[in-house]
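Me: I have a model open on my screen and would like to learn how to read it. Could you walk me through it, feature by feature?

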Amino acid sequence: MQQETVIVLDFGGQYNQLIARRVRECNVYCEIYSYRTDLAKIKAKNPKGIIFTGGPNSAYLPDSPTIDPEIYTWGVPILGICYGSQLMMHMLGGHVTKAPEREYGKTLVDLDTSSPLFDGLPAQNVCWMSHNDYIETAAPGFQIVAHTPNCPVAAAQASDRGLYCVQFHPEVMHTENGTQILHNFVYKVCGCAGTWKMDSFVEHSVQALREKIGDGKVLCALSGGVDSSVCAAMLAKAIGKQLTCVFVDHGLLRKHEREQVCEVFGEGGQFDINFVCVDARDRFYTKLAGETAPERKRKIIGEEFIRVFEDEAKKIGAVDFLAQGTIYPDVVESGLGGESATIKSHHNVGGLPDYVDFKEIVEPLRDLFKDEVRQAGRELGLPEYLVARQPFPGPGLAIRIIGDVTPEKVAIVQDADAIWREEVDKLPMEQRPSQYFAALTNMRSVGVMGDERTYDYAIALRAVTTTDFMTAEVTLLPTETITTAANRIVNEVKNINRVLFDYTTKPPATIEFE
Ligand code: XMP
């Protein structure tokens, strides 16, 4: 049986993946295509419904994104959002023009709750508006079902044709009951049954990977982070032994991290794949010896990583595919997310490694948000300590050791960090910071232990709350969590006689220490 699918047609809006995500939250499978996609391809998907996204253009200008009007004759329900709504109105004979007053932000909208879109909603609902143009008059045959003082057509419908449009953004959090509106669209308008779940995504992706890869060989660089682990697990399920995962221990990993990765992906683990764990600790320590400048340290690690991976890739020989655990936020940040404008470039996307001999890239997680990736990981049977992992930088503990890196310092920070995480993990989930770790300051100070004078290092504890990692607040943890961890660290970790807590927000500090 064909999977029930709703298609999002991307006209260049910023929230497109969020729309897809909301639809998936309604247990309906959803895919995004550019508005430029051949309509025959869209039709062949036999969608239950189509959603036109927002976008930065003006629907009435000649070069703006548009669509073959044939789509309105398919009898497939369509919901236009923001630009999508203006485009639909413009194409079907309504009047779209520059609004006398730009509407931006939370806006109280009057709704006609007899519309299936607004079924179960209050008559007035706070909605997120962001538009310069507006629909002055709806297209013939359309009934206006929402308005604001500045926006005479905030929503309209031609229910006999299954055509609906909303000027506001139901997909963003700021629109109250927004998910309900999308839920109404997929259930009450499109008649979806809602049989899709994350395990269907996993199944579907595994099937698609099998078809794409055929009997080809795939190489995957496994970092032990959430994204690459889930990517590897999905490929392992799809193609088994055709997959080779390479995991590099650069000697800058957290305590037990290497063992955990090897346990899951290595011999006797959960998956029947080729797994290579490269012990490159000495190579990295040698290269890093005596180096104190943060940027140099990062550069050395990046370069050495490529060398090590290159050496392994040579042993493996040519492969057909290189797998990458790119996830949707990476795609958006690099501006490669379909039609939307560039925001910032990202290391995972775009810069392809030229030291591996491969033909094509596979990115099975490209459409998912982080929490969806974690969910997919659980469906694939990965242990919680892998799927729930907090972010960990590529250069690892080297940027949590101020100054030069030695194996001894790595061991100190590993031990202190393990204690700190253990204590914080005792807190209920909702009290836990977004990121928390220990860092080794390069500072030594005088202390007393027993009757002895000591002259040892100070460890700094960090705990921050953030959603985007661009700015961060200090997480205010219970004093007991901090004091217990501090006591344990000075007692259990050699060469530490002082524990400091970092109370700095980002900015001005960064989350990491270097
Ligand atoms: P900062 O220290 O810049 O960190 O406030 C923001 C977030 O990015 C992570 N981070 C990195 N991740 N490679 C990575 O993959 C890196 O070089 C790197 N540097 C910082 C950091 O852990 C935090 O989550």
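Reply: Gladly! Let's begin at the ligand, keeping in mind that this is a predicted model. An oxygen atom of the ligand sits 2.6 Å from an N or O atom in the side chain of Lys 506.

Me: Which backbone atoms lie by an oxygen atom or a nitrogen atom of the ligand?

Reply: For a polar contact, look for a pair of N or O atoms within 3.5 Å. Ile 511 places a backbone N or O atom 2.7 Å from an oxygen atom of the ligand, and Gly 394 has a backbone N or O atom 3.3 Å from a nitrogen atom of the ligand. As for cover, the ligand taken alone exposes 500 Å², and the protein buries 73% of that.

Me: How many residues surround the ligand, and which are the closest?

Reply: There are twelve residues around the ligand, the closest being Arg 298, Gln 435, Lys 506, Ile 511 and Glu 512. Sorted by class, this shell holds five nonpolar, four polar and three charged residues.

Me: Now the wider layout. Where do the domains run?

Reply: The domain assignment gives domain 1 as 5–189, domain 2 as 202–387 and domain 3 as 406–501. Over C-alpha atoms, the centres of domain 2 and domain 3 are 29 Å apart. Seven residues from domain 2 and eight residues from domain 3 make up their contact.

Me: How do I express the size of an interface?

Reply: People often quote the accessible area lost when the parts come together. Here, domain 2 and domain 3 bury about 610 Å² between them, with 59% of it on carbon and sulfur atoms.

Me: And how many salt bridges are there between domain 2 and domain 3?

Reply: The count is one salt bridge. Asp 415 forms a salt bridge with Lys 255, with 2.9 Å between the closest N and O atoms. On the side of domain 2 that touches domain 3, you'll find three nonpolar, one polar and three charged residues.

Technical notes:
Residues are numbered from 1 along each chain as its sequence is written. This is a predicted model: local features need pLDDT of at least 70, side-chain atom pairs count only at pLDDT 80 or more; totals for chains, interfaces and linings use all residues. Side-chain values use heavy atoms; hydrogens and water are left out. Domain bounds come from an automatic or database domain assignment. Contact means heavy atoms within 4.5 Å. Buried area is the accessible area (1.4 Å probe) that two parts lose on being put together, summed over both. A salt bridge is a side-chain nitrogen of Lys or Arg within 4 Å of a carboxyl oxygen of Asp or Glu. Ala, Val, Leu, Ile, Met, Phe, Trp, Tyr, Cys and Pro count as nonpolar, Asp, Glu, Lys and Arg as charged, and the others, Gly among them, as polar. A residue is near a molecule or strand if one of its heavy atoms lies within 4 Å of it. A polar contact is a pair of N or O atoms within 3.5 Å; within protein, one must be able to donate a hydrogen and the other to accept it, and residues adjacent in sequence count only if both atoms are side-chain atoms. Accessible areas come from the Shrake-Rupley method with a 1.4 Å probe; for residues, only the protein chains shown count as cover.
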